[in-house]
Amino acid sequence: MKVVYPHKFNSMSARDILKKVVEERELHLATLNRYRYNEQRSCKDLTEVIERLNGQPQALVKDLSRHVSDEARHAMWLTDLLIDLGADIGKPPGVSYIDEFERLLDQEVYDTQTNLEDGIISALVAINVTEKRGCEYFAAHIHALKQAPQTEENIKIRQTIEKIFPEETGHVRWGNGWLAQIAKKSPEHRKKVEQAKFKYAAIEQAAFESGMDIMAGAELRRLNNLLEVSNTMPLWERPQYLLQRLPQTLVSPELQMTRIQVANKAWQRDPQAFVEKFVPMFFNGLNNIHRQQKSK
Ligand SMILES: [Fe+2]
Ligand SMILES: [Fe+2]
């Protein structure tokens, strides 16, 4: 059976992204608050699946009830951590990964009432693909925190994520197990599971790109255009030109996303650090795109 893994975003791996995230406190705390929100929200979504199943199959309802309790515990740990660190625990601003994921879901197929088995396959695959993304990010986050300065805060954050991570890999294994069992029933079942995996991997990728990440296509394109313009200028004029226009390019009012608000705060606090830490993130993304284009 083919395994579908989440794609990289603009060729930046989760490790590349988290390495930058842990260097910038504001962005780091905002990322943790995103995790908190997603964990909390998944309790609600899993409960909805339980309600739709309406008691059958019992083994699945039983597993899902444990799953809700795991996710609630993760949300609790992250909430405690953020309060401890004096960070915000409000609803993260901007496009939410989970909202976007749900918006892209085909509700008719996902509806367990229409066809119980198809609904179960869809629900399990949808859960599985988002859990895989979570695992990828938590693993990268732990790795980044091991490389980062061992401050009391960084250690606390790492310890919290290290508690959550093994349970998330357990959830992925659990989903894989259920799906393998269903696929074993017949070639038709296997085909259904395979199709669902590809479909939900694509949905998850789209949701991820629009909501979760610290970079977005829109800003990248805007920055790309700005760089194209600056490349036409003499070298010594470029920094001044870029510095004057970067905030407007990255902090556009119509792009109300977390990363933009975080970038805005970072810019106001320390313009130099902004240029040194944030801008390379965007440049790296662009360089990767250029490299990709050249290799085609
Ligand atoms: Fe979780
Ligand atoms: Fe989970």
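How many residues does helix α3 have, and how far does the helix reach from its first C-alpha to its last? In this predicted model, helix α3 covers residues 58–84, a run of 27 residues, and spans 39 Å between its terminal C-alpha atoms. That reach is close to the 39 Å expected at 1.5 Å a residue. Just after α3, G86 adopts a positive phi of about 75 degrees.

The loop that precedes this helix deserves attention. Two residues in the loop between α2 and α3 are N54 and P57. Most residues other than glycine have a negative phi, and most peptide bonds are trans. Against that background, N54 shows a positive phi of about 55 degrees although it is not a glycine. The peptide bond from Q56 to P57 is cis, with omega near -10 degrees.

Helix α3 also contributes to the metal site. The iron ion (ligand 1) has as its protein donors E39 through OE, entered twice, together with E71 (OE), H74 (ND1) and E168 (OE), at 1.8 to 2.7 Å. Along the chain these donors follow the spacing E-x31-E-x2-H-x93-E. H74 in helix α3 and E168 in helix α7 are 94 residues apart, and this pair links distant parts of the chain.

A second metal accompanies that ion. The iron ion (ligand 2) is coordinated by E71 (OE), E131 through OE, entered twice, E168 (OE) and H171 (ND1), at 2.0 to 2.6 Å. Here the donors follow the spacing E-x59-E-x36-E-x2-H. The two iron ions, ligand 2 and ligand 1, are 3.5 Å apart, and E71 coordinates both. Because E71 lies in helix α3 and E168 in helix α7 (residues 152–184), the pair ties together parts that are 97 residues apart in sequence. E168 likewise appears among the donors of ligand 1 and among those of ligand 2.

The packing of the helices may be considered next, beginning with α2 and α6. The axes of helix α2 (residues 25–53) and helix α6 (residues 116–147) come within 12 Å and cross at roughly 160 degrees. The two helices are therefore roughly antiparallel to each other, and their crossing is left-handed. From α2, the contact includes H28, L32, Y35, E39, L46, V49 and L53. These residues meet L116, I120, A123, I127, Y137, F138, H141 and L145 in α6. By class, the contact of α2 with α6 has 12 nonpolar, 2 polar and 1 charged residues. E39 takes part in this contact and is also a donor to the iron ion (ligand 1). An α-helix has 3.6 residues a turn, so residues three or four places apart point the same way.

Helix α6 meets another helix as well. The axes of helix α1 (residues 14–21) and α6 come within 8 Å and cross at roughly 50 degrees. That angle makes α1 oblique to α6, and the crossing is right-handed. On the α1 side, the contact is made by A14, R15, I17, L18 and K19. On the α6 side, the residues are E136, Y137, A140, H141, H143 and A144. By class, the contact of α1 with α6 has 6 nonpolar, 2 polar and 3 charged residues. Y137 and H141 of α6 take part in the contact with α1 and also in the contact with α2.

Technical notes:
Residues numbered from 1 in each chain as written. Chains lettered and ligands numbered in written order. Predicted model: local features only at pLDDT ≥ 70, side-chain atom pairs only at ≥ 80, totals over all residues. Heavy atoms only, no water. Helix = DSSP H or I, 4+ residues; strand = E, 2+ residues; numbered from the N terminus. Expected span 1.5 Å × (residues − 1). Axes fitted to C-alpha atoms, helices over the stretch in contact; angles between N-to-C directions. Parallel < 35°, antiparallel > 145°, perpendicular 65-115°, else oblique. Left-handed = near helix turned anticlockwise from the far one by under 90°. Contact = heavy atoms within 4.5 Å. Nonpolar A, V, L, I, M, F, W, Y, C, P; charged D, E, K, R; others polar. Donors = N, O, S within 2.8 Å, 3.2 Å for Na, K, Ca; no water.
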